[in-house]
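User: I'd like a close look at the charged side chains in this model, mainly the ones that pair up. Could you walk me through them in one go?

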Amino acid sequence: METRRISIAIVLCASLFVLNTQSKTVDPYKVLGVDKNANQREIQKAFHKLSLQYHPDKNKNKSAQEKFAEINNAYDILSDEDKRKNYDLYGDEKGAPGFDAGGAGDHGGYTYFTSGGPGQSGFNFGPGGMGGGQGGSKSFSFSFGGPGSQSSFGGFGLDDIFSNMFGGGMGSGSQFGGFGGFGGSGRSQSRTRNSAKSIPSINSQKYKKEISDKGMTWLLLSHTSTSRGIQYYESVIGEVASSLDGAMKVGSINCETDASFCKSLGIYPRNAPRLFVYSLKSSGNGALVEYSDDLDVKRVKSFCHDHLPRFSKRVDLGHFDFVSQTVGGLPKVMLLSTKKDTPVIWRALSGLYQNRFVFYDAQVRDASDPAVRRLGVDALPAIVGWLSNGEKQILRTGISVKDLKSAIQDLSGLLDNFEKKNKKAASAQSKREQSEPDAKQVPVLTGSNFNDICGEKTPVCVIGVFWSSKAKDKLEKVLSSVSQKSLSRRRNTAYSSRDSVSYALLDAEKQQSFLNAFEKSGFKSSDKVLLAYKPRKGKFAVFNGEVTTEEAESFISSVLSGDVQFSNTRQKPIAK
């Protein structure tokens, strides 16, 4: 009997290595049907097309399973730059010619080699392999133990192999229940159950205290004591958590010991563990989304990345309105970078601080960009902040990060300090408002007040022309802010002619004849216009761009310094 067991084991192991050797003779470029100079987009496109064509759930041909495994193996090599480079140089993705059997952490072999955890390595068989499926995945695994194992096969004995392959016998009464259909003896199953302890356990109290609507994204594993393949799930979760550490946390929910909690979340146990991502949606409410694709590190990581918060609004810096009303009186922060998409760090922070800041981000060419220079930024990436009172502050420039976690911690401290400054400034402003009389609003120009505001005694009259109530509110806020600044030479406490610059609003719908004195069309092509009028000389200049505080200040400064080209009025403007 012992001789028979050993013989079968030798035959089985030999078969495994033959499969491993055969798989490496297949050219991954030929498998995916791409050129050796193909870029990642072409490789990914070919992979998705072929994987859909040969997926065993859709293609019932016997050869489809083997083809599907080859496709996955080819993509695993070509999607990794290091493996692809090694294959191109040596014909082997490990970086050396020949057929290395592989050790812990290698990623070669038939379909995949994946880490089963620290000190372990594992074979993953493709859809045509042995054992049962797990979740949406069609790969199956069993692990060789690491250092300290009691036998050369470490985590499982020969009894484990034969018990699971043939349904029992050989001294083991265990049933299918291990990793992906390869269960094991009582010792192996016990180790699988205990491995769930490596991920922090989540109960209803911890969920409410640390997860629900707190802004952090979580990757959650639900399982029971009999869940199959939990070690592999934990291995994948570990790698994903490591790469997104700081932007995401992980947790484990035991739906056997805490069944009512799982039921309240809408999670019901299955034979295999289940993965969920908890994240905040645009509404500000959190939600659980189940991962149902193949259990692959890259795909799980991509899934988690897609569900990171998106509370930062991407804007065009050249057309951004810096004085638009602050949502809920919150301060604003903007990230300037050369990144095409919103960086992970900023997305994570936008979730953590979504009720405390308004987040923006903008892609810029470099620090020499005129829009960047106007903000006073000299190096990228940079973070610019605006207090609730509209005061701009450069929070940091030339940001460098060591890793994701430390970067988020560092920038969290930066935002915390800025929030304190905002509260202090808001308190000071409140005290000033209580001690000072109410400032006068920017008046609307009419026939009765025209001579007082824009008469010949006024050197320059700045008029905000509006066609809608929304445009009026915006222009009033801009001109009110500008009128308080030193560029007007004196603080405009009223609209008297003593001021070198006076400010007013004009309703274009009611004062079209007034506007025709400047331009025949009456500026009808714009929603709002900033008009600088010199009554004594009968000249005017127009600003047609996006009217912001910064742009208005720049325009008026240019008017006062004579750097703007003036035109003669068609006739003397008369307000109704």
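Analyst: Let's start with one pair. D293 and R299 form a salt bridge, and their closest N and O atoms sit 3.3 Å apart. Keep in mind that this is a predicted model. D293 counts as partly exposed because its relative accessibility is 38%. R299 has a relative accessible area of 21%, so R299 is partly exposed too; the cut-off for buried is under 20%.

As background, side chains of opposite charge can pair when their charged atoms come close.

Next up is E290, which makes a salt bridge with R270. Here the closest N and O atoms are 3.8 Å apart, and the cut-off for calling a salt bridge is within 4 Å. This pair links distant parts of the chain, with the two positions 20 residues apart. E290 belongs to strand 7 (residues 286-291), while R270 is in the loop between helix 10 (259-265) and strand 6 (274-280). As for how open they are, E290 is partly exposed because its relative accessibility comes to 27%. R270 has a relative accessible area of 51%, so R270 counts as exposed; the line for that is drawn at over 50%.

Then there's D366 with R365, whose side chains meet in a salt bridge at 3.6 Å, N to O. D366 is partly exposed, given its relative accessible area of 29%, whereas R365 is exposed at 56%. Going back to R270 and E290, they are joined with R274 into one network by salt bridges that share partners.

Across the chain, the count comes to 14 salt bridges.

Some charges belong to a patch instead. R41, K45, K49 and K340 form a positive surface patch. Patch residues must have no salt bridge and over 30% relative accessible area. R41 has 71% relative accessibility, so R41 counts as exposed. You'll find R41 in helix 3, which covers residues 40-54.

For the wider setting, the chain has 576 residues, and 49% of them count as buried. It contains 18 helices and 17 strands. About 28700 Å² of the chain is exposed, with carbon and sulfur atoms supplying 49% of that area. Looking at contacts with a separation of 6 or more, 66% are between residues 24 or more positions apart.

Notes
Residues numbered from 1 in each chain as written. Predicted model: local features only at pLDDT ≥ 70, side-chain atom pairs only at ≥ 80, totals over all residues. Heavy atoms only, no water. Patch = residues over 30% accessible without salt bridge, like charges linked within 9 Å, V, L, I, M, F, W, Y side chains within 5 Å. Areas by Shrake-Rupley, 256 points an atom, 1.4 Å probe, with all protein chains shown as cover. Lys, Arg positive; Asp, Glu negative; His and termini not counted. Charge placed at Lys NZ, Arg CZ, Asp CG, Glu CD. Helix = DSSP H or I, 4+ residues; strand = E, 2+ residues; numbered from the N terminus. Buried < 20%, exposed > 50% of the residue type's maximum accessible area, 1.4 Å probe, protein only. Contact = heavy atoms within 4.5 Å.
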